[in-house]
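This report looks at a helix, a strand and the surroundings of two ligands, and it is best read with the model in view.

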Amino acid sequence: MSRTILEVMNLKKHYRQRAGILSAVRWRERVIPAVDGVSFYLKEHETLGLVGESGCGKTTIGRTILRLTPATSGRIVFDGHDITAMSARELRPLRRQMQMIFQDLDAALNPKMRVRDLLREAITVHHRLSDDEVGRKTGELLEQVNLKKSKLSSFPRELSGGEKRRVGIARTLAVGAHFIVADEPTSALDVSIQAQVVNLLRDLQRQLGLSYLFISHDLEVVQLVSHKVAVMYLGKIVEMGLADRIAGAARHPYTQILWSALVDRKSAEASRALPTTRRGAWGVFDFERPVRGCRFAPRCPVYEANGRPAVCTDAATEPELRDLGGGHYVACHFPLW
Ligand SMILES: Nc1ncnc2c1ncn2[C@@H]1O[C@H](COP(=O)(O)OP(=O)(O)O)[C@@H](O)[C@H]1O
Ligand code: SF4
Ligand SMILES: [Mg+2]
């Protein structure tokens, strides 16, 4: 039975933003509940896929659990250590074990450094090694991420998107990470390169026993790489379970719609399948005025089909995740079938 590498309990991250014009005495402040009470766990050597539309809070979850930004409340336990409020000094030995692959291909690559130095920097950040040892480790990393030796003298601008991604992955391996938050690792790449990166991540998981939180807006990719999938909507997980259950037997209306949008992706009907919000387009969220009760109600076809039942929009009965059996959790008063 594999160990739990990460446990997240009722995690909240609310951003405070100054808004509007300067009033007579103070700025008006608005709160953006980017992550609003999220709980999940991840087993060693497994992948949890986190999927949802742009702006629903996926990156914020990734950054918060790695302590790149402080949590507003909740608990984060990594490898048995409660890291929620750990000081930077206490956190340092754990930092190298948990790393992020950033969505932005260039984010972690200093444009003025050659690949050789980018790798050397990552290899030596936590270890004092001889030149020979650095050379050996560099060769091993190149092999692990399928990167040609000739690329060692290239600058990031001379690399293709896929090569940059490989260098980024090599750097997370170089520091010794075994838990990786992969934030949309394929989003800026051509389709054929996307498949290569996905296969690389899967191979590395098998070889090195890595655990991933795999973040994507693309349910198809997430389902392909993940053991378990969590579907997010407006800062909350609305459905979670084994990947094949989420793919073949989705119970939340939102997940169902994500799937049908995917199946019809190439047809114009895809975007029309989902009723739009007051503010309009698919993918635009209004965090300032969340509805009471279920956040999905303004776009939910089941709510409409059932004659807008009050239980869906009552603040006191906001649907919570409940186990429908087999570890399949759904937050909906009227789960599908
Ligand atoms: N640093 C920040 N300050 C204020 N609001 C932020 C910040 N980062 C993200 N947000 C807001 O939090 C919400 C979730 O963002 P994000 O986690 O990036 O979503 P996703 O990764 O799912 O696209 C969005 O409304 C976004 O505008
Ligand atoms: S609780 Fe009601 S509004 Fe929310 S997803 Fe379920 S049916 Fe739709
Ligand atoms: Mg994001």
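In this predicted model, helix H1, which spans residues 58-65, is mostly covered, since 7 of its 8 residues are buried. The buried residues are Lys58, Thr59, Thr60, Ile61, Gly62, Thr64 and Ile65. Just after H1, Arg67 takes a positive phi of about 60 degrees.

H1 also contributes to the surroundings of ligand 1, which is surrounded by 13 residues, the closest being Tyr15, Ala34, Lys58, Thr59 and Thr60. Two or more residues of this shell come from each of strand S1 (4-19), strand S2 (28-43) and H1, and the largest share, 3 residues, is that of H1.

Around ligand 2 lie other parts of the chain, and the residues there include Pro253, Cys294, Phe296, His333 and Phe334. The table sets out the two shells by class.

| Shell | Nonpolar | Polar | Charged |
|---|---|---|---|
| Ligand 1 | 5 residues | 7 residues | 1 residue |
| Ligand 2 | 11 residues | 1 residue | no residues |

Strand S9 is also worth following in the model. Because 6 of the 6 residues of S9 (residues 228-233) are buried, this strand is largely enclosed by the rest of the structure. Both of its faces are covered, with Lys228, Ala230 and Met232 on one side and Val229, Val231 and Tyr233 on the other.

S9 pairs in the parallel sense with strand S3 (residues 47-51) over 4 bridges, and there Val231 is the bridge partner of Val51. With strand S10 (residues 236-242), S9 pairs in the antiparallel sense over 6 bridges, where Ala230 has Met240 as its bridge partner. S9 and S10 form a hairpin with 2 residues between them, and Leu234 in the turn has a positive phi of about 45 degrees.

Terms used: Residues are numbered from 1 along each chain as its sequence is written. Chains are lettered from A and ligands numbered from 1 in the order in which they are written. This is a predicted model: local features need pLDDT of at least 70, side-chain atom pairs count only at pLDDT 80 or more; totals for chains, interfaces and linings use all residues. A residue is near a molecule or strand if its C-beta atom, placed from the backbone, lies within 6 Å of it. Ala, Val, Leu, Ile, Met, Phe, Trp, Tyr, Cys and Pro count as nonpolar, Asp, Glu, Lys and Arg as charged, and the others, Gly among them, as polar. A residue is buried if 20 or more other C-beta atoms lie within 10 Å of its own, exposed if 12 or fewer, and partly exposed in between; C-beta atoms are placed from the backbone. Two strands pair if DSSP finds at least two bridges between them.
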